[in-house]
Structure formats: structure tokens, C-alpha cells
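Look at the charged side chains in the structure below. The paragraphs that follow take the salt bridges pair by pair.

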Amino acid sequence: MQTTEIARVAAPPADVFPFVADLARYPAWMPLVHDATPIDGAGAPAWNVEIRARIGPFARSKRLRMERTELVPDQLAVFERAETDGRDHAGWVLRVELRPDPSAPDPDSTPVVEATEVTMHLAYDGSLWTGGPLARVFDEQVRRGRDGLVAAVGDRSA
């Protein structure tokens with residue numbers, strides 16, 4: 001399963017990046033991420049993450065150990081599941097790309113970055129969240145996260 005969401009955030013990449021580069025900040029704006037606690041990553045930043053979604057009166061949750069495997073300040077953050085128990089686990093990869101969205105009010109002026117296009121790619125190769133209602137709920141949670149990021153960055157800028 002893969003899902004991609006694109007958000008246009010009314011702030012430059014440097015203001016948006018802190019929200020997407022640290023998984024501990026995700027619970028504030030991404031409903032799918034119930035908790036993300038920083039842990040010792042043996043060199044790479046790592047978090048214990050609880051993913052949770054409700055389907056009517058029921059909730060489905062999953063705990064993951066995620067590491068940040070790539071980081072380009074103000075441009076890219078990649079997180080991958082990296083369990084340390086020696087067993088095989090379904091893969092989770094979150095790739096967040098930021099691109100400045102320049103705008104120039106006057107054709108003769110220098111473009112000023114007033115917004116950022118944030119593209120979130122989430123890939124999951126397991127079976128817990130796939131199929132029917134769970135896939136729809138999963139996609140909806142990610143869409144709500146897109147809107148949550150826009151609101152969270154806007155609240156900080158206000």
C-alpha cells in the first residue's frame with residue numbers, strides 16, 4: 001500500500017521543516033501517529049512510534065521502531081522501520097519532501113518564498129492496514145495529517 005499527499009503550507013521551508021524532520025512532533029498534527037518517543041538509535045535518530053486509527057467503536061494500532069535514514073535540511077526527511085529484534089517485519093517508509101513555492105508579486109522583482117509544497121509519501125508492505133475499510137481509514141488519517149500540518153505551521157507563525 002502506498003499513499004501520497006501534497007500540502008501547500010503558507011511558510012518558507014525553514015519554518016515547515018522542524019515539523020516534519022522529527023517524528024516526536026507528528027502526534028500534534030498527524031492523527032495516525034498517536035505517539036512518537038525518541039530513543040537511542042545507535043547513531044541514527046530513532047523513535048518508538050504508535051500508529052492508531054479508529055473504525056467506529058474499534059481501534060487498530062501498531063507499534064514501530066522508526067529511524068531517520070535521510071535528512072537534507074529544509075528539503076527532505078526519510079524515516080524507515082528498523083526493528084532491532086532480529087525478526088522480519090513489514091516495511092514502513094515515510095518520505096517527506098519540501099519544495100519552496102516562490103511567488104513574485106511584480107514580474108520585475110526577485111521571487112520571495114512565501115509557501116512550501118510538502119509531499120508526503122507513505123509506503124507500507126504489510127497486511128494489517130490493507131484492504132477495504134482499513135485502507136480507507138488509513139488514507140483518511142493521512143489526508144487529515146496534511147491539513148493538520150498546514151494548521152500547525154500556521155498556528156506557529158501567528
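Is Arg65 buried or exposed? In this predicted model, Arg65 is buried, because its relative accessible area is 8% and the cut-off for buried is under 20%. The partner of Arg65 is Glu67, and the two side chains form a salt bridge with an N to O distance of 2.8 Å. Glu67 is buried as well, at a relative accessible area of 17%.

A second pair joins Glu50 and Arg63, whose closest N and O atoms are 3.4 Å apart. Glu50 belongs to strand β3 (residues 46–55) and Arg63 to strand β4 (residues 58–72), so that the salt bridge links distant parts of the chain, 13 residues apart. Here the two ends differ in accessibility: Glu50 is buried at 7%, whereas Arg63 is exposed with a relative accessible area of 59%.

Glu70 and Arg95 make a further salt bridge, at 3.9 Å from N to O, which falls within the 4 Å limit of the criterion. Because Glu70 lies in strand β4 and Arg95 in strand β6 (residues 92–103), this pair ties together parts that are 25 residues apart in sequence. Glu70 is partly exposed, with 37% relative accessibility, and Arg95 is partly exposed too, at 31%.

Salt bridges can also join into a group: Glu5, Arg146 and Asp147 are linked in a network. Side chains of opposite charge can pair when their charged atoms come close. By the distance rule, the model has 11 salt bridges, among them the pairs Glu67 with Arg65, Glu50 with Arg63 and Glu70 with Arg95.

Conventions. Residues are numbered from 1 along each chain as its sequence is written. This is a predicted model: local features need pLDDT of at least 70, side-chain atom pairs count only at pLDDT 80 or more; totals for chains, interfaces and linings use all residues. Side-chain values use heavy atoms; hydrogens and water are left out. Helices (H or I, at least four residues) and strands (E, at least two) are DSSP runs, numbered from the N terminus. Buried means under 20% relative accessible area, exposed over 50%, partly exposed in between (1.4 Å probe, protein chains only).
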